[in-house]
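Let's take a friendly walk through this model, from its overall build down to single residues. Please keep the 3D view open as you read.

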Amino acid sequence: MANSRTVLILCGDYMEDYEVMVPFQALQAFGVSVHTVCPGKKAGDSCPTAVHDFCGHQTYSESRGHNFTLNATFDEVDLTKYDGLVIPGGRAPEYLAMNASVVDLVKQFSTSGKPIASICHGQLILAAADTVNGRSCTAYATVGPALIAAGAKWVEPTTPDVCVVDGSLITAATYEGHPEFIQLFVKAMGGKITGGDKRILFLCGDYMEDYEVKVPFQSLQALGCQVDAVCPEKKAGDRCPTAIHDFEGDQTYSEKPGHTFGLTATFDGLDSSSYDALVIPGGRAPEYLALNQHVLNIVKEFMSSGKPVASICHGQQILAAAGVLKGRKCTAYPAVKLNVVLGGGTWLEPDPIHRCFTDGNLVTGAAWPGHPEFVSQLMVLLGVHVSF
């Protein structure tokens with residue numbers, strides 16, 4: 001994309017899973033080149049991530065997240081090539097803040113005046129780099145004392161989605177603030193978002209894939225879209241458990257517990273005709289959602305109306321069950337090929353796995369590595385644009 005931007009994300013082992021992947025894939029969907037680095041690692045290496053969630057205890061829980069693959073080498077970073085820096089939270093910042101090379105890199109970014117967007121515990125690195133003195137910022141609440149000691153004008157995170165801007169510095173409390181956090185970062189780099197006045201519906205279910213709901217959900221919110229998530233037999237405020245599907249050397253993907261995902265609307269009584277597009281995440285949820293006639297009716301309604309429908313991974317099991325693939329070209333997770341073919345669809349091989357396709361009003365993807373293409377192709381159908 002002409003006049004686009006290039007961003008650096010500063011990674012580390014056990015950074016928070018959402019806090020690296022959502023900005024990484026959302027920014028790519030918006031046409032930004034994103035490089036990810038970690039001290040002591042090179043392009044192609046991976047970092048384990050951590051799932052931090054709130055399960056009714058006095059602090060967040062932690063479990064193992066996806067493995068995140070780096071696409072650049074820390075020792076080869078050239079600051080002049082980047083237009084902005086993103087610092088995820090999680091536990092990684094605790095040790096990255098003690099790394100002299102990391103601290104020096106952040107200082108250079110701050111001195112240059114280029115935008116820095118840091119979230120949750122990432123602000124520990126900002127404090128170590130002496131970049132918050134006299135500046136307003138927020139963070140996860142327990143990081144507050146360190147920021148105050150570093151001279152920051154502390155802004156209490158009264159809600160999990162709080163974001164604060166002070167000049168070129170953007171800070172957020174938790175991943176629930178991603179939509180505003182990412183939008184502010186895009187604008188700080190000179191980006192302009194148009195056409196974001198759309199209403200999008202997500203069809204959710206228990207054990208949908210963690211990334212496949214959160215990444216497109218928050219990416220679309222960052223564009224200014226009103227996004228609602230519903231699940232049969234659940235109401236607004238209820239939560240769905242999610243599944244982490246990853247590739248760890250076995251013959252098929254592994255599964256681990258993911259975050260819990262909060263629904264924003266109630267399934268019963270839903271007026272689906274009031275939405276401009278439908279998104280269907282993958283994971284294990286589509287297996288049973290495909291048995292629900294109300295779900296199938298919603299899919300049929302969107303497809304017959306010509307409104308955009310975007311489905312990824314195992315989500316195409318629902319499309320096949322709804323009988324809307326006849327004469328349509330689509331891809332899916334390779335193991336779902338049988339459903340697509342039996343449903344009358346023309347199979348498109350996802351090679352490589354991040355490949356996505358658009359056929360009329362239908363966008364399909366094979367798996368979460370394809371989110372940048374998946375979201376950007378849906379943006380085209382919606383008429384939503386990001387320009388720099």
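The report below goes from the whole chain to two helix pairs and then to a few individual residues.

This is a predicted model, in which local features need pLDDT of at least 70 and side-chain atom pairs count only at pLDDT 80 or more, while totals for chains, interfaces and linings use all residues. Residues are numbered from 1 along each chain as its sequence is written, and side-chain values use heavy atoms, with hydrogens and water left out.

**Overall build**

The protein has 12 helices and 24 strands; these are DSSP runs numbered from the N terminus, with helices being H or I of at least four residues and strands E of at least two. Its radius of gyration is 20 Å, close to the 21 Å that the globule rule gives for 388 residues, so the protein is as compact as a globular protein of that length. The radius is taken over C-alpha atoms, and the rule is 2.2 Å times the number of residues to the power 0.38. Along the principal axes, the C-alpha trace spans about 60 × 40 × 40 Å. Of the 388 residues, 58% count as buried (under 20% relative accessible area; exposed is over 50% and partly exposed lies in between, with a 1.4 Å probe and protein chains only). Among contacts between residues at least 6 apart in sequence, 70% join residues at least 24 apart, where contact means heavy atoms within 4.5 Å.

**Two partners of helix α1**

Helix α1 (residues 17-29) and helix α12 (residues 371-382) have axes that come within 8 Å and cross at roughly 45 degrees. That makes α1 oblique to α12. Axes are lines fitted to C-alpha atoms, for helices over the stretch in contact, and angles run from 0 to 180 degrees between N-to-C directions. Under 35 degrees counts as roughly parallel, over 145 as roughly antiparallel, 65 to 115 as roughly perpendicular and the rest as oblique. On the α1 side the contact uses Q25, Q28 and A29, and on the α12 side H371, P372, V375, S376 and M379.

The axes of α1 and helix α6 (residues 178-188) come within 11 Å, again crossing at roughly 45 degrees. Here Y18, E19, V22, P23, A26 and L27 of α1 meet H178, I182, F185 and V186 of α6.

**Individual residues**

Four residues can be set side by side by their accessibility.

| Residue | Location | Relative accessible area |
|---|---|---|
| T6 | strand β1 (residues 6-10) | 18%, buried |
| K114 | loop between α3 (100-112) and β7 (116-119) | 22%, partly exposed |
| C120 | loop between β7 and α4 (123-128) | 6%, buried |
| Y207 | loop between β13 (199-203) and β14 (208-209) | 34%, partly exposed |

Not counting residues up to four places away in sequence, T6 touches V32, S33, H35, K81, Y82, D83 and G84. With that same exclusion, K114 touches L79, T80, Y82, D83, F109 and S168. From K114 to A173 it is 59 residues in sequence and 21 Å in space, C-alpha to C-alpha.

The backbone has some points to look at as well. C120 has a positive phi of about 65 degrees although it is not a glycine. Y207, also not a glycine, has a positive phi of about 65 degrees. Where is P352? P352 sits in the loop between β21 (346-347) and β22 (356-359), and the peptide bond leading to P352 from D351 is cis, with omega near 5 degrees.
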